[in-house]
Amino acid sequence: MNAVLNEAPSIFMWIASAFAVFFSCVVYWSNNPIACAVALMGTLFSTAALYFAIGNYFIGAVQILVYAGAIAVLFVFIVMLLDLKPHKLRSLPGQGAYLSFVTIVAAGLAALLFCTLAKTPSEEAGTAFQLSAKNYSEYFLSHYQVAFQAAGLLVFAAILGAIQLARGHFGKKENT
Amino acid sequence: MTLGLWSAIMAVAVGAAVMTGVPLMVIVERRGSAWMQRRSGPNRGGPWGLMQPLADAVKFAFKEENIPAKAHPILFVLAPALAVFPPLIAFSVIPVAGSVNIGGVDYPVQVANMSVGLLFLMAITSLHVFSVLTAGWASNNKFSLLGALRSSSQMISYEIAIGICVVSLVLTYGTLDLREIVKLQEAGSQLPAWGLFMQPLAFLILWVCAFAETNRLPFDLPEGESELVAGYHTEYSGMKFALFFMGEYAAMFVASAFLTTLFLGGYNVPFISEETLRNFFLAKGLGLSMASVATCALQALSFSIKVFFFMWVYVWIRWTLPRFRYDQLMYLGWKLLLPLGVLNVFLTIAYTYLRPHL
């Protein structure tokens with residue numbers, strides 16, 4: 001796997017990256033919420049393909065399972081139930097300001113990512129990608145135990161919040 | 001030969017096998033249902049009606065394709081493609097036979113020999129719900145959307161039970177590599193060391209979930225024709241409808257192959273190990289390459305028979321049981337299969353922990 005990283009990017013990596021960029025642009029520019037959700041799935045899928053191309057199957061599979069599989073399905077589900085119409089999205093107040101803010105943040109993050117990547121020696125990157133499913137679980141259950149459990153609690157809190165939001169306003173009694 | 005070229009050859013071979021299996025299964029289903037209902041079924045096209053799928057395909061290809069005026073033009077066309085693509089990709093990690101020896105190098109009979117095959121399989125099969133959702137929404141039809149929403153809630157509910165069962169399987173086998181899992185189940189002296197005997201409860205739960213995930217009767221509420229016209233594919237016609245049809249059968253093949261690999265010893269020939277088979281063919285005077293090819297052919301046959309068994313049960317159940325009510329479906333998924341799966345995980349953990357001390 002080390003050799004894969006030191007080689008020039010293969011044609012598969014270029015194709016996967018091109019798809020990822022294309023779908024991200026669709027997410028950004030499309031006015032149709034469902035098209036955005038489907039394009040988001042495409043982005044996550046292309047990223048997973050990129051992981052497969054560099055030989056890290058575990059992260060690739062988890063990427064599809066967690067993001068493209070579960071979250072995007074729920075996302076599509078919620079968008080459908082909320083019945084968002086394209087014209088509603090187009091006429092959000094102050095949308096231009098939001099979009100420019102998001103663009104600046106995204107550009108900043110991209111610059112940060114490039115700087116970090118440029119500084120990381122390729123040997124170190126190689127060892128990082130050699131982890132198997134077993135190594136990952138060992139790290140998660142020993143070294144990163146506290147952070148791992150904290151993340152789980154955060155997700156749990158988010159689920160409770162979502163249920164509360166879906167059931168209506170706080171303190172309001174419902175029949176169900 | 002490089003591994004990449006071998007993978008490409010295997011991809012074509014496995015893809016062709018699945019796509020040939022689909023029309024075969026259609027005729028088995030139609031003749032099988034006719035047999036169960038005491039009628040003749042399609043018996044005019046070719047010998048025993050075997051050419052009927054060909055006639056069906058030609059009919060589909062020449063039918064008018066209608067895209068509703070208010071449908072989303074891109075997503076409406078994309079949805080049928082999304083129905084066929086995940087099952088075909090999923091088949092790439094399933095080991096179909098042992099390994100073929102060409103010029104002293106062993107090539108596994110599998111498209112991609114992945115270390116996390118089990119995880120990949122679960123990830124890819126969970127994408128199937130996208131085609132249903134996209135189709136239901138893009139058709140701009142109330143019945144389609146209702147079918148799609150039913151389908152997605154059903155699939156999400158049953159995927160949880162599948163995930164829980166897979167946890168207990170991983171605890172038993174200690175690996176995510178499907179080829180490794182098949183090798184662990186290889187021939188025991190009396191009973192085969194199959195997953196079926198090691199995880200009977202997980203087998204039962206996964207088998208039920210396989211019906212729910214592929215939207216087959218008694219779980220075909222997404223299409224329930226008496227309530228929803230035809231569910232998410234109401235607006236589809238011609239070859240686009242045929243793609244949904246093919247996708248459903250390909251998903252059934254994947255589910256059957258998944259169960260075979262995890263519980264029925266995959267490509268193993270019962271009671272005979274790969275080593276014994278190869279030595280038998282070597283003793284018959286075949287070369288090393290030919291002996292490995294003959295072994296693989298036998299193993300592939302064994303795999304096909306096991307897969308066909310599950311496929312036949314699909315047909316059998318479909319024409320035997322009536323459709324569930326929606327509350328019964330949710331009850332089964334959340335209140336029966338999920339607690340049973342969790343119980344199974346705890347039992348497996350206790351067994352795995354105590355085994356060295358027993």
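Here are some friendly questions and answers about a predicted model with chains A and B.

Residues are numbered from 1 along each chain as its sequence is written, and chains are lettered from A in the order in which they are written. Because the model is predicted, local features need pLDDT of at least 70 and side-chain atom pairs count only at pLDDT 80 or more, while totals for chains, interfaces and linings use all residues.

Me: Which helix of chain A has the highest confidence?
Reply: Confidence here is pLDDT, the predictor's own score for each residue from 0 to 100. Chain A has a mean pLDDT of 74, with 67% of its residues at 70 or more. Its confidence is lowest in helix α1 (residues 2-6), at a mean of 45, and highest, at 87, in helix α2 (residues 11-29).

Me: Is Ala70(A) buried, partly exposed or exposed?
Reply: Ala70(A) sits in helix α4 (residues 57-82) of chain A; helices are DSSP runs of H or I with at least four residues, strands are runs of E with at least two, and both are numbered from the N terminus. A residue is buried if 20 or more other C-beta atoms (placed from the backbone) lie within 10 Å of its own, exposed if 12 or fewer, and partly exposed in between. Ala70(A) has 17 other C-beta atoms within 10 Å, so it is partly exposed.

Me: How many charged residues are on the side of chain B that touches chain A?
Reply: Two residues are in contact if their C-beta atoms, placed from the backbone, lie within 7 Å, and 20 residues of chain B are in contact with 18 residues of chain A. On that side of chain B, α4 (117-125), α5 (128-138) and α6 (142-173) each supply at least two residues. Ala, Val, Leu, Ile, Met, Phe, Trp, Tyr, Cys and Pro count as nonpolar, Asp, Glu, Lys and Arg as charged, and the others, Gly among them, as polar. By class, this side has 16 nonpolar residues, 4 polar ones and, for charged residues, none.

Me: Which helix gives the most to the largest nonpolar core?
Reply: A nonpolar core is a set of buried Ala, Val, Leu, Ile, Met, Phe, Trp, Tyr and Cys residues joined through C-beta atoms within 7 Å. The largest has 115 residues, and those with the most contacts inside it include Ala61(A) and Ala250(B). The most, 16 residues, comes from chain B's helix α11 (residues 238-263).
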